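Open the model in your viewer and keep the sequence panel beside it. At each stop, select the residues named and then read what is there.

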Amino acid sequence: MEVFEQLESGVRVYSRAFPAVFTTASGHHLTDEQGKRYIDFLSGAGALNYGHNNPYLKDRLLAYIAADGVIHSLDMATSAKREFLERFQKVILAPRGLDYRVQFVGPTGTNAVEAALKLARKVTGRQTVAFFTQAYHGVTLGSLAVTGNAAKRRGAGVPLLYSVAVPFDGYLGPDADTLPLLERLLEDDHSGLGLPAAVILETIQAEGGVNVASWDWLRRLERIVRRYEIPLIVDEVQVGCGRTGPFFSFEPAGIRPDLICLSKSISGFGLPMAIVLIRPDLDIWEPGEHNGTFRGLNLSFVTGAAALCYWEDDTLQRETERKGKLVADRLGTLAARHLPAGQVVRGRGLIQGLALAPKRLAKRVAQLAFERGLIIETVGPRDSVLKVLPPLTIDDEGLAAGLGILEDSLQEALSETPDAELSLLAS
Ligand code: PMP
């Protein structure tokens, strides 16, 4: 690890949390230089929904490279891009009755968010974007302005402007409805909010602590933004592409976002790719008004198109929902066995969180889990939530093994925790 400490920037984060040098990966496993195998409950923060080196996707990729397929093409038309567009239309949009134009943006999630924010501002001629407490949308200045995390915001070095935070579902406790406040701010021309250019949200705030918006809250939010003609941007970067079960996490709510940001698992193979889905009448971009050199990695189109085979029937969705329930049940049992009542297990499908109150307990559990061969990260305020995010393709044995390690690690971490801090668990 010394090479990384000496030569790589201090900004690195995952190599600190998971101090091993990884060499190979397959399915839900990563292997380090010493040959130690780890179960992956991190999945590239959602970029590896179909597992590491998914054999079907890898074959398609290798065949494309072997045939000298175009790799880089700016936003020129290529057969790989056409295949992706046609398959996305046929497999994802058409069966759901959805009508969107696809904008290819720079390679990563924040590029999709930046493009969506710019377009919403252009469409409405307004400037301020409303976002939700504990949201995470990326670290470039536009996305950072709609991200809650104070440490990340400090990194901006300039004021983050044209954004305002409003409370997410559950922010004021399980019994407080947060939408009347938004409604009141919007209807009152003396509230100081003014009409926003957009409302941006995650249906489950993944980095913010696995905070789940209820279907009812999402539906009522949609009605409010419609009434005021505010474009609704749903950031599906982490919880889209089947993470919660359905391809789009918002599907069960029946809402229709105006703009949808997708990245991470849209390429299927962990290759960089990001897109914005745009309601057709909002697609008022002038040619080249938003661009970027890497808006079209054809390798990502090849694997992205191939990965859509998982969506030709509902097997993956059903399996994700089944496994999600398995994880939630197991976390619930584990909490009941080792923790005082009231500990929170929350999530949908294969994003599940276990919130642990005392300072650093969740971090310590993740550290002990890593020593035992499980990669799992902590998220949320004070890193207090363990986020279970395995590849959707993980089998039941892999899940059980990972959750077993998590339970052992929790037990050990609790045995080290001073009584005074443990009492916090009961509060
Ligand atoms: N939006 C959400 C919901 C995310 O989870 C992330 C990344 N964790 C981003 C945007 C930013 O994506 P990227 O890190 O690829 O820029």
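The tour goes through helix contacts, one residue and two sheets.

This is a predicted model, in which local features need pLDDT of at least 70 and side-chain atom pairs count only at pLDDT 80 or more, while totals for chains, interfaces and linings use all residues. Residues are numbered from 1 along each chain as its sequence is written, and side-chain values use heavy atoms, with hydrogens and water left out.

**Stop 1: helix 4 and helix 11**

Select residues 55–66, which are helix 4, and residues 298–307, which are helix 11. Helices here are DSSP runs of H or I with at least four residues, strands are runs of E with at least two, and both are numbered from the N terminus. The two helices pack at an angle of about 140°, and their axes are 9 Å apart. Axes are lines fitted to C-alpha atoms, for helices over the stretch in contact, and angles run from 0 to 180 degrees between N-to-C directions. Helix 4 and helix 11 are therefore oblique to each other. Angles under 35 degrees count as roughly parallel, over 145 as roughly antiparallel, 65 to 115 as roughly perpendicular, and the rest as oblique.

Now show the side chains at the contact (heavy atoms within 4.5 Å). Helix 4 contributes Tyr-56, Leu-57, Arg-60, Leu-61, Tyr-64 and Ile-65, and helix 11 contributes Asn-298, Leu-299, Val-302, Thr-303, Ala-306 and Ala-307. In the contact of helix 4 with helix 11, nine residues are nonpolar, two are polar and one is charged. Ala, Val, Leu, Ile, Met, Phe, Trp, Tyr, Cys and Pro count as nonpolar, Asp, Glu, Lys and Arg as charged, and the others, Gly among them, as polar.

**Stop 2: helix 5**

Keep helix 11 and add helix 5, residues 79–93. Helix 5 and helix 11 pack at about 30°, with axes 8 Å apart. On the helix 5 side, look for Ala-80, Lys-81, Glu-83, Phe-84 and Arg-87; they meet residues of helix 11 including Phe-301 and Gly-304. The contact of helix 5 with helix 11 has six nonpolar, two polar and three charged residues.

Next select Leu-85, also in helix 5. Is Leu-85 buried or exposed? Its relative accessibility is 31%, so Leu-85 counts as partly exposed. Buried means under 20% relative accessible area, exposed over 50%, and partly exposed in between, with a 1.4 Å probe and protein chains only. Leaving aside neighbours within four places in sequence, Leu-85 is in contact with Val-102 and Phe-104.

**Stop 3: a mixed sheet**

Strands 1, 2, 3 and 15 form an open sheet in the order 1-2-3-15, with mixed pairing. Two strands pair if DSSP finds at least two bridges between them. At the edges are strand 1 (22–26) and strand 15 (374–375), each pairing on one side only. Strand 2 (residues 29–32) and strand 3 (residues 37–40) run antiparallel and are joined by three bridges. Select Thr-31 to find Arg-37 of strand 3 opposite. Then add helix 14 (residues 396–416), which lies across strand 3 and strand 15 at about 100° to strand 3.

**Stop 4: an antiparallel sheet**

The last sheet is open, with four strands in the order 13-14-17-16 and antiparallel pairing. Its edge strands are strand 13 (344–348) and strand 16 (377–379). Strand 13 pairs with strand 14 (residues 351–355) over five bridges, and Val-345 stands opposite Leu-354 in strand 14. Finish with helix 13 (residues 361–371), which packs on the sheet and touches strand 16 and strand 17 (385–388).
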